Amino acid sequence: MEQELFDQSHCDHCACGAGLDFDFSFAFQPVVDAQAGGVLAYEALVRGLNGEGALQVLDRVSRKNMYRFDQACRVKAVKLAAELGMDSRLCINFMPNAVYKAETCIQTTLAAAKQYEFDTSRLIFEFTEVENLTDTDHLIGIIDAYEEMGFSIALDDYGAGYSRMNLLTDTTPQFLKLDMSLIRDVEKHPRKQAVIEGILLTNYRLGIGTIAEGIETEAEYQWCRSAGIRYFQGYLLARPGFETLPAPYIPDEQ
């Protein structure tokens, strides 16, 4: 008989971060909808308890505690978003290698959303293209399962690291975030422009929303906006706010 992988006590155990010898919190950075003139979502970015950078927390994550860390991240992000009165969507980064079975590992998140009265349809799960996954089929299975549950998926850091075109041919994430290496000084680089234009055409054909991340200058923003990009994230718009929801600066509205 197959061993039961999930029960509520196991969920509660992971939700509180049991088994971790460190604690953490979050900063939030807005993803701006330039067309609507508002916030599409806030991305939850892990921080130390006093606002220390993400690396100080992530350096303490190992293969041994990865699952508990991933589960605790989801719960803490949902809880803090609810406490701050977030009414936009919430982007949560997840570690595909920490998810052994999508339907089981999502239970903690669902329980947290119910407890803190956060609508699960407003959750966007982000995974990064630069993570060296040992099993791409496993990731595709997670994406398919999450989409069946009504969650949105965002492919982060696209254009950097491990390129997997089959993620766009075998799945359809709702959003794709262009890596900041493509965005930096894009107005000066025709080759970057050509690459981005090709990605935008692909996304348009597949019905995927494009997010330009790492926007730092008005020139970068204006080029991307003129190219047809609707969603933006970066220091120009707003820096991450530690345990707050910063209001963004939207150039088109000035």
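**A walk through a predicted protein chain**

In this predicted model, helix α3, which covers residues 66–83, and helix α5, which covers residues 107–115, have axes that come within 9 Å and cross at roughly 15°. Because angles under 35 degrees count as roughly parallel, α3 is roughly parallel to α5. Two packed helices are described by the angle between their axes and the distance between the axes. The handedness of the crossing can be added to this description: α3 passes α5 in a right-handed crossing.

Which residues of α3 and α5 meet? On the side of α3 they are Q71, R74, V75 and V78, and on the side of α5 they are T108, T109, A112 and A113. Sorted by character, the residues of this contact comprise four nonpolar, three polar and one charged.

The view may now be widened to the chain as a whole. The protein chain contains 10 helices and nine strands. Of its 254 residues, 50% are buried. Among the contacts in the chain with a separation of 6 or more, 70% are accounted for by residues 24 or more positions apart. Several individual residues illustrate such contacts and the degrees of burial.

The residue M86 is found in the loop between α3 and β3, the latter covering 89–93. Is M86 buried or exposed? Its relative accessible area is 5%, and therefore M86 is buried, since buried means under 20% relative accessible area. When residues up to four places away in sequence are not counted, M86 touches F28, Y42, A81, F118, R122 and L245. One of these partners, L245, is 159 residues from M86 along the chain, yet the C-alpha atoms of M86 and L245 are separated by 7.7 Å.

A contrasting case is R239, which lies in the loop between β8, covering 231–233, and β9. R239 has a relative accessible area of 55% and is therefore exposed, because exposed means over 50%. What does R239 touch, residues up to four places away in sequence not being counted? The residues touched are F28, Q29 and P246. F28 is also among the residues that M86 touches. R239 and A27 are 212 residues apart in sequence, and their C-alpha atoms are 9.4 Å apart in space.

Two strands supply further examples. Strand β7 covers residues 209–213, and G209 is found in it. With a relative accessible area of 16%, G209 is buried. G209 touches Q174, F175, L176 and Y231, again not counting residues up to four places away in sequence. From C-alpha to C-alpha, G209 and A154 are 9.0 Å apart in space, while in sequence they are 55 residues apart. Strand β5, covering residues 152–158, contains Y158. Y158 counts as buried, at 7% relative accessibility. Its C-alpha atom is 8.9 Å from that of M180, and the two residues are 22 residues apart in sequence.

The backbone also deserves attention. Where does E117 lie? E117 lies in the loop between α5 and β4, the latter covering 123–128. Its phi is near 55°, a positive value in a residue other than glycine. E117 is exposed, with a relative accessible area of 74%. A positive phi of about 55° is also found at E243, although E243 is not a glycine. E243 lies in the segment after β9, which covers 241–242. With a relative accessible area of 33%, E243 is partly exposed.

The cysteines complete the account. How many disulfides are there? A disulfide is taken to be a pair of cysteine sulfur atoms within 2.5 Å, and by this rule the count comes to zero. C73 is buried, with a relative accessible area of 9%, and C224 is buried as well, with a relative accessible area of 0%.

Technical notes. Residues are numbered from 1 along each chain as its sequence is written. This is a predicted model: local features need pLDDT of at least 70, side-chain atom pairs count only at pLDDT 80 or more; totals for chains, interfaces and linings use all residues. Side-chain values use heavy atoms; hydrogens and water are left out. Axes are lines fitted to C-alpha atoms, for helices over the stretch in contact, and angles run from 0 to 180 degrees between N-to-C directions. Helices (H or I, at least four residues) and strands (E, at least two) are DSSP runs, numbered from the N terminus. Angles under 35 degrees count as roughly parallel, over 145 as roughly antiparallel, 65 to 115 as roughly perpendicular and the rest as oblique. A crossing is left-handed if the near helix is turned anticlockwise from the far one by less than a right angle, and right-handed if clockwise. Contact means heavy atoms within 4.5 Å. Ala, Val, Leu, Ile, Met, Phe, Trp, Tyr, Cys and Pro count as nonpolar, Asp, Glu, Lys and Arg as charged, and the others, Gly among them, as polar. Buried means under 20% relative accessible area, exposed over 50%, partly exposed in between (1.4 Å probe, protein chains only).
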